[in-house]
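Subject: Handover of a structure, with notes

Dear colleague,

I am passing on the structure below, together with the notes I made while going through it. Please read them with the sequence and the coordinates open beside you.

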Amino acid sequence: VSGNLNLDNFVDMIVVLKKIGEEKTSDVINNPEKRPLLILIGEAKNKFKLAERNDNTVYCIDCGGIMGDPFMEIVIKNGYFSVEHYGGSAWRWTRVITYKYSKEENNWFLHIDGGESFHATEPEKVEKSIKTIKDFGKVLFKDFDIYEDDDE
C-alpha cells in the first residue's frame with residue numbers, strides 16, 4: 001500500500017510479507033507464522049529505504065478462526081497507518097491497530113488499538129474496545145506485539 005507515512009514530499013510504502021505455504025505451517029496456538037510488516041520510505045529517483053520492520057503487527061493466517069485469514073487491509077493517511085483485521089466464528093471480532101508518525105522523533109508510535117465484537121445471531125449488539133496512549137503508554141511501532149495478552 002502506498003501513501004504518505006512520514007509527512008514529506010515522497011510516496012512511501014507498506015509491504016506485508018507472507019510465507020509461501022504458511023496455511024500449512026502456521027499453528028495459531030504453538031507457532032503462528034509471523035507476517036513481517038515493512039515500512040519503506042520514499043526517496044529521490046523513485047527509490048525506497050527500509051525504515052522499520054515489525055513481525056508482530058499482522059495476525060497469522062489461521063488467527064482468524066473459522067472466518068479464515070483475519071488480515072483485511074492497510075490504510076495510510078497523512079502520517080497515520082492502520083492494520084485492519086476481521087475474524088471469529090459465532091463470535092465475530094475486528095481489530096484495528098493505528099500508528100502515528102512523530103516528526104520530532106522520526107518514528108511511528110502506537111496511536112489506537114481498537115475493535116468490535118458481536119455474536120453472529122445478534123449483530124446489532126456490538127461491544128467496542130478502544131485503547132489509546134493513556135492505556136498503553138508510549139509504544140514504538142517496532143516494539144508492538146499483537147500476540148501479547150490483552151489483559152497485561
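In what order do the four strands of the open sheet lie, and is the pairing parallel or antiparallel? The order is E1-E2-E3-E4, and the pairing is antiparallel. The edges of this sheet are formed by strand E1 (2–3) and E4, each of which pairs on one side only. Please keep in mind throughout that this is a predicted model.

The overall picture

The protein has two helices and nine strands, and from the N terminus on these elements follow one another as β-β-α-β-β-β-β-β-β-β-α. For its 152 residues a compact globule would have a radius of gyration near 15 Å, and the protein, with 16 Å, agrees with that expectation. The C-alpha trace spans about 50 × 40 × 25 Å along the principal axes. Of the 152 residues, 38% are buried, while the accessible surface amounts to about 9,100 Å², with 51% of that area belonging to carbon and sulfur atoms. If one takes the contacts between residues at least 6 apart in sequence, 46% of them join residues at least 24 apart. As for charge, the protein carries 20 positive and 28 negative charges, and the mean positions of the two sets are 6 Å apart.

The open sheet, strand by strand

Strands of a sheet pair through backbone hydrogen bonds, either parallel or antiparallel. In this sheet, E1 is joined to strand E2 (residues 12–16) by two bridges, with the two strands running antiparallel, and Ser 2 has Met 13 in E2 as its bridge partner. On the other side of the sheet, E3 and strand E4 (residues 47–54) pair in the antiparallel sense over seven bridges, one of which can be followed from Glu 43 to its partner Lys 47 in E4. The hairpin of E3 and E4 has three residues between the strands, and Lys 45 takes a positive phi near 60° there.

Two further hairpins

Strand E5 (residues 71–77) and strand E6 (residues 80–88) are antiparallel and pair over six bridges, with Ile 76 bridged to Phe 81 in E6. These two strands form a hairpin with two residues between them, and Asn 78 in the turn has a positive phi of about 45°. E6 also pairs in the antiparallel sense with strand E7 (residues 91–102), here over nine bridges, and the partner of Gly 87 in E7 is Trp 93. The connection from E6 to E7 is again a hairpin, and it passes through two residues.

Two buried charged residues

Where does Arg 35 sit, and is this residue buried or exposed? Arg 35 is found in the loop between helix H1 (22–25) and strand E3 (37–43), and because its relative accessibility is 0%, where buried means under 20%, Arg 35 counts as buried. Beyond its neighbours within four places in sequence, Arg 35 is in contact with a long list of residues, including Val 16, Leu 17, Glu 22, Asn 54, Asp 55, Ile 61, Asp 69 and Phe 71. Val 16 lies 19 residues away from Arg 35 along the chain, yet the C-alpha atoms of the two are separated by 6.4 Å.

Glu 22, one of the residues that Arg 35 contacts, lies in helix H1. With a relative accessibility of 3%, Glu 22 also counts as buried. If residues up to four places away in sequence are set aside, Glu 22 touches Glu 33, Arg 35 and Ile 61. Ile 61 is thus a contact of Glu 22 and is listed among the contacts of Arg 35.

The second helix

Which residues does Phe 136 touch, not counting those up to four places away in sequence? They are Leu 110, His 111, Ile 112, Asp 113 and Lys 131. Phe 136 itself lies in helix H2 (residues 133–136) and is partly exposed, with a relative accessible area of 23%. Leu 110 is 26 residues away along the chain, and its C-alpha atom is separated from that of Phe 136 by 8.6 Å.

With best regards

Definitions and conventions: Residues numbered from 1 in each chain as written. Predicted model: local features only at pLDDT ≥ 70, side-chain atom pairs only at ≥ 80, totals over all residues. Heavy atoms only, no water. Rg over C-alpha atoms; globule rule 2.2 N^0.38 Å. Buried < 20%, exposed > 50% of the residue type's maximum accessible area, 1.4 Å probe, protein only. Contact = heavy atoms within 4.5 Å. Areas by Shrake-Rupley, 256 points an atom, 1.4 Å probe, with all protein chains shown as cover. Lys, Arg positive; Asp, Glu negative; His and termini not counted. Charge placed at Lys NZ, Arg CZ, Asp CG, Glu CD. Pairing = 2+ DSSP bridges.
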